[in-house]
Amino acid sequence: MGCTSPNPMVGCVIVKDGKIVGQGFHPKAGQPHAEAFALQDAGELAENATAYVSLEPCNHYGRTPSCTEALINAKEKRVVVGMVDPNPIVSSSGISHLKDAGIDVTVGKPFLSLWCSISVNGCFLDKMGERDLDTGGYYSKLLQEYDAIILSSSLADELSSISSQEESDVLIQPIQIVVASNAQHSPPILASSNTGTKDVLFTKNELVADSGTSYGGVEFVVLEDINLDSILVTVMAVDYSVLLDLRGNIKDLEVLFRDGFEQRLLQKIVVEVLPEWCARDER
Ligand SMILES: Nc1c(N[C@@H]2O[C@H](COP(=O)(O)O)[C@@H](O)[C@H]2O)[nH]c(=O)[nH]c1=O
């Protein structure tokens, strides 16, 4: 972690007959890719095995040889890919190449995490910890791990403050996906938030806004039915990691929360316990 930039962090595990026979990770730009280390570790056991790779195998000869060729030469039976490589020189061509070579390829779904805060006596709270958004703060660091955050429109006034404060040359702020199921916030209010990040507002069709319109940098998407699938498909071309922040108006988010469970997209729940005590019926 933290050593691979400008390359991503990638891990690979080779599994045969239910046992891990090889594993590897990409340690640093310029050094071999995760698959190369894992295949070397597995040796002849890689034949007819399944390779699990967190990123689509590269299909180009860059600083290192192509991983698709390495997997084909090792006679892998199946490759499970965590996410499509957003790098335009790879972007799905690695998957097609493996499939053309007769390898069974499975691609993962977006990685969805839920974040919420609770009191010590177990009530949901509508706030974060005091210095959570400062440099080094819990939420500021958490944001570094995600490509997008889903937020309730009732947090519109706070949007400008919801960004990672970590000092890094390669830091990219997550896209802010704002869900307005109840349509209480008019477009100008959100536009005035001026976050400096990319904002996409999802509204129901009864709101006065045309789909695809952009107000002060905020893109509007009008959907009759706001659900997790439609949001992820509209905002992201590839399978990214998304954080669902449960603060604000729960009504905006409950459908997405349910979709996350039912579609088995929700893979991680981050609960922050704040040093507070609340009355049971507070929220
Ligand atoms: N690190 C990594 C991949 N990284 C992909 O390869 C690009 C860098 O290529 P190169 O300059 O040759 O290292 C990087 O931008 C990303 O698209 N791919 C993989 O199959 N496995 C790996 O472990």
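**Why these labels? A tour of the model**

Visitor: Where is Asn-7 found?

Guide: Asn-7 is in the segment before strand 1, which covers 11-16. Bear in mind that this is a predicted model.

Visitor: Why is Asn-7 called buried?

Guide: Its relative accessible area is 18%, and buried means under 20%. The value is under the cut-off, so Asn-7 counts as buried.

Visitor: What makes the link between Asn-7 and His-26 a polar contact?

Guide: The two side chains are in contact at 3.0 Å, and the limit for the pair of N or O atoms is 3.5 Å. Asn-7 also has a polar side-chain atom 3.0 Å from an oxygen atom of the ligand.

Visitor: How do you know that Asn-87 and Thr-64 make polar contacts with the ligand?

Guide: Same approach. For Asn-87, a polar side-chain atom lies 2.9 Å from a ligand oxygen. For Thr-64, a polar backbone atom is 3.2 Å from an oxygen of the ligand. A polar contact needs N or O atoms within 3.5 Å, so both pairs qualify. On its own the ligand has 510 Å² of accessible area, and the protein covers 93% of that.

Visitor: Which residues around the ligand are the closest?

Guide: They are His-33, Ala-34, Glu-35, Arg-63 and Asp-85, out of 19 residues that surround the ligand. By class, that shell splits into 8 nonpolar, 7 polar and 4 charged residues.

Visitor: On to the rings. How many aromatic pairs are there?

Guide: The structure holds 2. One of them is Trp-115 with Tyr-139, whose ring centres are 5.0 Å apart and whose planes meet at 80°.

Visitor: Why is the pair of Trp-115 and Tyr-139 called edge-to-face?

Guide: Rings pair if their centres lie within 6.5 Å, and 5.0 Å passes. Planes over 60 degrees apart count as edge-to-face, so 80° settles the label.

Visitor: What makes you say that this pair ties parts of the chain together?

Guide: Trp-115 belongs to strand 6 (residues 111-119) and Tyr-139 to helix 4 (residues 138-143), so the pair links parts that are 24 residues apart in sequence. Trp-115 and Tyr-139 are both buried.

Visitor: And how do you know that Phe-257 and Phe-261 form an aromatic pair?

Guide: Run the same test. Their centres are 5.2 Å apart, against a limit of 6.5 Å. The angle between the planes is 90°, and anything over 60 counts as edge-to-face, so that is the class here too. Both residues lie in helix 7 (residues 250-262), 4 residues apart, about one turn of the helix.

Visitor: Why are Phe-257 and Phe-261 called partly exposed?

Guide: Phe-257 has a relative accessible area of 29%, and Phe-261 has 46%. Buried is under 20% and exposed is over 50%, so both values fall in between.

Visitor: What makes Arg-247 count as sitting over the ring of Tyr-139?

Guide: The charged end of Arg-247 is 5.8 Å from the ring centre, where the distance limit is 6 Å. There is an angle condition as well, within 35 degrees of the ring normal; Arg-247 is classed as sitting over the ring.

Visitor: What is unusual about the backbone at Asp-17 and Asn-48?

Guide: Most residues other than glycine have a negative phi. Asp-17, not a glycine, has a positive phi of about 45°, and Asn-48 has a positive one near 65°. Asp-17 is in the loop between strand 1 and strand 2 (19-25), while Asn-48 is in the loop between helix 1 (34-42) and strand 3 (50-53).

Visitor: Why is Asp-17 called exposed, and Asn-48 partly exposed?

Guide: Asp-17 is at 74% relative accessibility, and exposed means over 50%, so the label fits. Asn-48 is at 49%, which lies between the 20% and 50% limits, so partly exposed is the call.

Visitor: Which peptide bond is cis?

Guide: The one from Ser-5 to Pro-6, with omega near 5°. Most peptide bonds are trans. Pro-6 is in the segment before strand 1.

Visitor: Last one: why does Ser-153 count as buried?

Guide: Ser-153 has 1% relative accessibility, and the cut-off is under 20%, so buried it is. Ser-153 is in the loop between strand 8 (148-152) and strand 9 (175-180). Its C-alpha is 5.5 Å from that of Val-178, with their positions 25 residues apart in sequence.

Definitions and conventions
Residues are numbered from 1 along each chain as its sequence is written. This is a predicted model: local features need pLDDT of at least 70, side-chain atom pairs count only at pLDDT 80 or more; totals for chains, interfaces and linings use all residues. Side-chain values use heavy atoms; hydrogens and water are left out. Rings of Phe, Tyr and Trp (its six-membered ring) pair if their centres lie within 6.5 Å; planes under 30 degrees apart count as stacked, over 60 as edge-to-face and the rest as tilted. Helices (H or I, at least four residues) and strands (E, at least two) are DSSP runs, numbered from the N terminus. Buried means under 20% relative accessible area, exposed over 50%, partly exposed in between (1.4 Å probe, protein chains only). A residue is near a molecule or strand if one of its heavy atoms lies within 4 Å of it. A polar contact is a pair of N or O atoms within 3.5 Å; within protein, one must be able to donate a hydrogen and the other to accept it, and residues adjacent in sequence count only if both atoms are side-chain atoms. Accessible areas come from the Shrake-Rupley method with a 1.4 Å probe; for residues, only the protein chains shown count as cover. Ala, Val, Leu, Ile, Met, Phe, Trp, Tyr, Cys and Pro count as nonpolar, Asp, Glu, Lys and Arg as charged, and the others, Gly among them, as polar.
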